[in-house]
Amino acid sequence: MAKIGFIGTGIMGQPMAANLQKAGHQLFLSEHHGKAPQALVDDGAVALANPQQVAQEAEFIIVMVPDTPQVDDVLFRKDGVAAGLSPNKVVIDMSSISPTATKAFAAKINETGAQYLDAPVSGGEVGAKAGTLSIMIGGEPQTFERALPLFQAMGKNITLVGGNGDGQTAKVANQIIVALNIQAVAEALLFASKNGADPAKVREALMGGFASSKILEVHGERMIKGTFDPGFRINLHQKDLNLALAGAKELGINLPNTAGTQQVFSTCTAIGGGNWDHSALIKGLEHMANFSIRDK
């Protein structure tokens, strides 16, 4: 049994933490931004006042918060994780944040004698609950091996990509692919429906061919049924594409399709959909077309 601090128990974090509990680990939670989930406390998690106290109690400290500024705050605030670290503890950031900032955070944590892994995930709320997340990790191999049993409690496809920052780079690449696939499925279903075909039947036909994909299977069905309760919110996917576009600018490369998809997400946000599931990208296209595939 490991002593694990878990900071960030939202849509993704709470089921991930619950799976660590199911694997027999002791959890320590921070209440610096609100009460710890009662379900985790009822199952034995210890609620503490701030991230510093969590880091003092735990061997591994997992952070799962929305964006780069929140990770910075949790780690380096006056009563943050860094203030409670001692040599050989391991900080694992499972948020999806800037690869550049990640390298800087890792360097500062390493100065304390602790180790740092960036380990963003893919698989959404469904994967978090099922313990089947894909986990992309950056850090030292020996630190990865120490943390591997924790990753195995939360995910299935677990890959050490390279050094610090490389896990986050892989996650940004993942988000580019997912976004462009969502856009492709949305455009195809809009085209088919506007042309008079039943989008559900078109999806069924495409699932048997080379166009078949997980996005077509899961998000295509959501688009057709109009079920856009968030598994992964549009505003979070926008954040990830901003990381991609900012990184591309730094690297001197062009990502035209990523930029175009970001504009459609921005249309969704403009019509009040920032908290919709990212499969609701189709509503941005529908808004521009003045046509809905669900109104036939």
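Ser-96 is buried, with a relative accessible area of 12%, where buried means under 20% relative accessible area, exposed means over 50%, and partly exposed lies in between (1.4 Å probe, protein chains only). The structure is a predicted model, for which local features need pLDDT of at least 70 and side-chain atom pairs count only at pLDDT 80 or more, while totals for chains, interfaces and linings use all residues. Residues are numbered from 1 along each chain as its sequence is written, and side-chain values use heavy atoms, with hydrogens and water left out.

## Ser-96 and its surroundings

Ser-96 sits in the loop between strand 5 and helix 5; helices (H or I, at least four residues) and strands (E, at least two) are DSSP runs, numbered from the N terminus. Not counting residues up to four places away in sequence, Ser-96 touches Pro-66, Pro-120, Gln-168, Lys-171, Lys-239, Asp-240 and Leu-243, a contact being heavy atoms within 4.5 Å. With one of these residues, Lys-171, the side chain of Ser-96 makes a polar contact of 2.5 Å. A polar contact is a pair of N or O atoms within 3.5 Å; within protein, one must be able to donate a hydrogen and the other to accept it, and residues adjacent in sequence count only if both atoms are side-chain atoms.

Asp-240, which Ser-96 touches, belongs to helix 11 (residues 234–251) and is buried, with a relative accessible area of 2%. Leaving aside neighbours within four places in sequence, Asp-240 is in contact with Ser-96, Val-172, Gln-175 and Phe-232.

## Two domains and their interface

The protein is divided into domain 1 (3–162) and domain 2 (170–289), with bounds that come from an automatic or database domain assignment. The C-alpha centres of domain 1 and domain 2 lie 29 Å apart, and 14 residues of domain 1 are in contact with 12 residues of domain 2. Between them the two domains bury about 980 Å², 59% of it on carbon and sulfur atoms, where buried area is the accessible area (1.4 Å probe) that two parts lose on being put together, summed over both. In domain 1, the residues that lose the most area to domain 2 are Ile-11, Ser-96 and Met-136, together 35% of what that side buries.

Across this interface of domain 1 and domain 2 the rule finds 5 residue pairs in polar contact, both residues at pLDDT 80 or more, but 0 salt bridges. Helix 5 (99–110) and strand 7 (121–122) each supply at least two residues of the side of domain 1 that touches domain 2.

## The largest nonpolar core

A nonpolar core is a set of buried Ala, Val, Leu, Ile, Met, Phe, Trp, Tyr and Cys residues joined through side-chain atoms within 4.5 Å. The largest one here has 32 residues, and those with the most contacts inside this core are Met-16, Ile-92, Met-94 and Phe-151. Several elements each supply at least two residues of the core, including strand 1 (3–7), helix 1 (13–22), strand 8 (133–138) and helix 7 (141–154). The largest share, 7 residues, comes from helix 7.

Met-94 touches, among others, Met-16, Ile-62, Ile-135 and Phe-151, not counting residues up to four places away in sequence. Met-16 is one of the buried residues of helix 1, a helix that is mostly covered, with 7 of its 10 residues buried. Just after helix 1, Gly-24 takes a positive phi of about 100°.

## Salt bridges

A search of the whole structure finds 11 salt bridges, each being a side-chain nitrogen of Lys or Arg within 4 Å of a carboxyl oxygen of Asp or Glu. The table gives some of them.

| Residue pair | Closest N and O atoms |
|---|---|
| Lys-35 and Glu-31 | 3.9 Å |
| Lys-225 and Glu-221 | 3.1 Å |
| Asp-240 and Lys-239 | 2.9 Å |

Both Asp-240 and Lys-239 are buried. In addition, salt bridges that share partners join Asp-73, Arg-77 and Asp-79 into one network.

The other pairs in the table include residues with higher exposure classes: Lys-35 is exposed, with a relative accessible area of 72%, whereas Glu-31 counts as partly exposed at 24% relative accessibility. Lys-225 is likewise exposed, at 58%, and Glu-221 is partly exposed, at 34%. Lys-225 and Glu-221 both lie in helix 10 (residues 214–225), 4 residues apart, about one turn of the helix. An α-helix has 3.6 residues a turn, so residues three or four places apart point the same way.
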